[in-house]
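Let's walk through this one together, starting with a backbone detail and working outwards. Keep the viewer open as you read.

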Amino acid sequence: MRATVATRPLILGPTLGRSTLVLAAGSVLLVAAAGIGLAAGTSGVAPGDALAILLHRLLGIGSVTWPASAETIVWELRLPRIVAGMVVGAGLASSGAVFQALLRNPMADPYLIGTAAGASLGAVAALLLPALLPVAVTAWLGIGAVQVLAFVGGLATVLMVFAVARGRAGTPVVTLLLAGYAVSSLLSAGVALLMFVAGDRLAAVVSWLLGSLGGASWPRLALAAPLIGVSFVLLLVRWRSLNALLLGEAQAAALGVDVEREKRRLTALAALATSAGVAISGTIGFVGLVVPHLLRLAFGPDHRLLLPASMLYGAVLLVLADTGARLAGGIPVGIVTALIGAPFFIWLLRRSLVVPRG
Amino acid sequence: MAPRTLRLRAPLVAVALLALAATACATARPTAPASDSPDPVAASGLASASEAAPSGYPVTVTDARGTDVTIPAAPDRIVSLAPSNTEIVCALDACDRLVGVTDFDDYPPEVADVPDVVVSAQVDVERVVDARPDLVLAAGNELTPSSVIAQLEDLGLTVVVLYPESLDEVEGDIGLIGRILDEADAAASLVDGMRQRVAELTAAVDGLDRPRTLYEVYYAEGVTYTAGAGSFLASLIELAGGEPVTGDAQGTLPAEQLVTSDPELVLLGTASYDPSLATPAAALEAVASRPGWSTLSAVRDGAVLPYLDDIVTTRPGPRIVDGLEALARAIHPEAFE
């Protein structure tokens with residue numbers, strides 16, 4: 001399957017029929033993952049009740065035969081987590097695909113050029129200095145200062161990295177990577193320093209840094225999901241630029257792409273989706289790195305398919321991983337995604353030693 | 001390209017390692033009393049304990065956060081998120097009202113039959129809700145994460161946070177739970193009994209030499225975690241007739257400061273969890289090989305004791321007086337002959 005993709009010109013990509021099949025399968029898997037996530041839990045809510053509660057709340061059908069606590073568990077605890085897993089997983093995987101194409105770097109993930117360090121510094125600062133953001137602002141937004149500052153920190157850091165890397169002749173990819181490294185190091189030092197002086201609050205800091213969907217709630221989603229949704233739409237319509245960039249910047253320019261403008265826009269959109277996701281969940285590793293690689297290996301590098309497939313399969317992976325994390329006694333979901341992701345990544349590395357890339 | 005891209009992830013890896021290291025520390029010393037922030041519970045709760053507040057609901061109490069919490073009716077489905085809270089509830093004859101506890105709860109024995117809603121120090125919010133509690137007793141100082149407390153309150157649960165940092169505050173919290181449960185008389189007599197025993201114990205060690213006493217909560221990589229300056233544990237050691245060797249507010253005591261403090265008596269609370277330290281000879285040998293420890297007075301005099309009562313000494317519930325007695329007997333065995 002891979003061989004046929006490799007011999008086909010990049011811009012043509014897969015056939016319409018196969019794309020439809022891949023995306024339809026992803027949608028079915030996503031519904032299944034959501035169903036499993038909704039039915040499975042650590043309390044005694046019967047899987048049948050979980051479905052009945054969902055139908056009752058969404059469509060108003062059926063009569064109430066369950067205790068109020070079961071409804072709270074399904075509607076206020078499990079469902080927001082599942083939706084958050086979908087939104088964050090889709091955002092991470094598609095941003096990862098964008099950064100891997102944009103930076104032409106197989107190790108690029110959504111956090112590489114500053115999002116993680118910036119969001120972490122924002123969140124940790126908010127945890128340790130609650131007075132940083134006036135209560136009136138967070139009350140108005142309906143979410144905590146931690147979420148607001150994580151979002152702002154992540155987005156602002158990427159914009160700063162971009163500004164640092166930007167020269168008269170544009171923004172070379174290598175400069176962007178190194179600027180990301182430098183700024184991230186600086187901010188990580190800030191995070192480390194804050195952790196060192198955190199004292200009793202250290203546990204709160206650590207649990208944020210490890211990443212979790214446990215704090216997912218409807219108000220948080222109401223703010224983050226539209227931001228991620230908008231960036232999805234604007235990313236999906238840029239598949240042509242991404243495909244062209246895969247060939248190299250000179251070739252992309254020759255194909256009529258305004259390379260510098262597209263780099264700016266793609267970076268801003270991917271950073272927007274990532275930062276909004278981080279605000280919900282903290283940093284969760286490997287989804288953004290592994291899902292695009294997996295899909296590229298299986299279905300080829302055409303972003304017309306790769307972007308929507310990354311969204312779907314990223315959502316599937318994170319919903320399943322989070323369900324596993326919940327059932328395993330609330331361990332951080334990053335541990336589960338890493339347990340799935342790291343062996344795959346090692347395999348990928350080993351494989352790249354044998355088969356030359358591209 | 002490959003080596004450089006690998007290096008680019010270094011800061012993330014560093015943060016991750018730091019986070020893991022921090023987790024290890026945080027989980028390793030959950031019992032170290034820390035911080036000396038004022039606690040408004042003590043005064044109000046204590047007063048009502050001894051005066052036996054009039055029963056009748058709603059009852060409003062001020063918890064360790066300084067938050068006024070109103071209890072509309074006598075709670076009969078209680079979730080306890082800390083073993084100390086569980087012990088207070090049971091000491092007030094309300095064990096049968098517990099519908100959720102932690103997997104670390106071991107006293108009184110009948111709580112083994114109550115479902116666990118805290119597993120490996122992680123609050124399982126779904127199980128808390130499933131227990132349909134009308135009262136959740138959480139622990140302060142991030143022992144119950146503040147994000148979890150906020151989540152439980154958002155779900156409409158009544159949460160009271162307790163974090164006693166002294167003997168007075170334990171007594172105050174007993175009074176507070178007594179008011180909440182309409183067991184104010186039982187709370188008052190429990191507190192009276194505790195005070196009487198404390199008076200007897202302090203009288204027994206009164207006037208004796210006060211050895212510089214190091215209580216080891218945890219030891220790793222040259223750093224000892226012990227009683228924090230001004231902490232509950234430090235105050236107990238003082239009451240038990242010792243001069244506490246303390247770390248910083250979190251109880252961290254680097255090796256150089258330990259050598260400077262030169263404890264005359266070392267109590268290994270870690271022996272409660274590490275069977276290899278259970279005998280005095282093994283304990284002495286183990287600590288003597290730590291860098292810098294061989295010069296300590298306690299080590300040279302062989303005054304290094306496995307201390308097996310860590311739980312009652314560091315769990316701020318009604319049995320804290322048992323912990324005080326265990327400390328006094330360890331520091332001044334001669335006073336109890």
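Which residue just after α4(B) takes a positive phi? That's B:D93, with a phi of about 60°. Before going further, some housekeeping: this is a predicted model, where local features need pLDDT of at least 70, side-chain atom pairs count only at pLDDT 80 or more, and totals for chains, interfaces and linings use all residues. Residues are numbered from 1 along each chain as its sequence is written, while chains are lettered from A and ligands numbered from 1 in the order in which they are written.

Now back to helix α4 of chain B, residues 83–91 (helices here are DSSP runs of H or I with at least four residues, strands are runs of E with at least two, and both are numbered from the N terminus). Nine of its nine residues are buried, so the helix is largely enclosed by the rest of the structure. Buried means that 20 or more other C-beta atoms lie within 10 Å of the residue's own; 12 or fewer makes a residue exposed, anything in between is partly exposed, and the C-beta atoms are placed from the backbone. The buried set includes B:N85 and B:E87 alongside B:I88 and B:V89. What do these buried residues pack against? Their partners are the strands β3 (78–80), β4 (98–102), β7 (135–139) and β8 (159–162), plus the helices α7 (167–180) and α8 (184–205), again in chain B.

Chain B also has an open sheet of four strands, ordered β12-β9-β14-β15 with parallel pairing. Two strands pair if DSSP finds at least two bridges between them. The edges are β12 (243–244) and β15 (304–306), each pairing on one side only. Strand β9 (residues 212–216) runs parallel to β12(B), and two bridges join them; B:T213, for instance, has B:P244 as its bridge partner.

Further along, B:A326 sits in helix α14 (residues 320–331) of chain B. Why is B:A326 classed as buried or exposed? B:A326 is buried because 20 other C-beta atoms lie within 10 Å. Beyond its neighbours within four places in sequence, B:A326 is in contact with B:D309, B:V312 and B:T313 (a contact has the two C-beta atoms, placed from the backbone, within 7 Å).

Over to chain A, which has 16 helices and zero strands. Of its 358 residues, 53% count as buried. Among contacts with a separation of 6 or more, 78% come from residues 24 or more positions apart. Helix α9 (residues 202–210) of chain A has nine of nine residues buried, so it is largely enclosed by the rest of the structure. A:G211 follows α9(A) and has a positive phi, near 80°.

One of the buried residues in α9(A) is A:V205. Together with A:V87 and B:V136, A:V205 touches the most other members of the largest nonpolar core, which has 210 residues. Helix α4 (residues 68–102) of chain A gives the most to this core, with 19 residues. Such a core is a set of buried Ala, Val, Leu, Ile, Met, Phe, Trp, Tyr and Cys residues joined through C-beta atoms within 7 Å.

How far to trust chain A? Its mean pLDDT (the predictor's confidence in each residue, from 0 to 100) is 86, and 89% of its residues reach 70 or more. Among its elements, helix α1 (residues 2–7) has the lowest mean, 42, and helix α15 (residues 303–327) the highest, 94.
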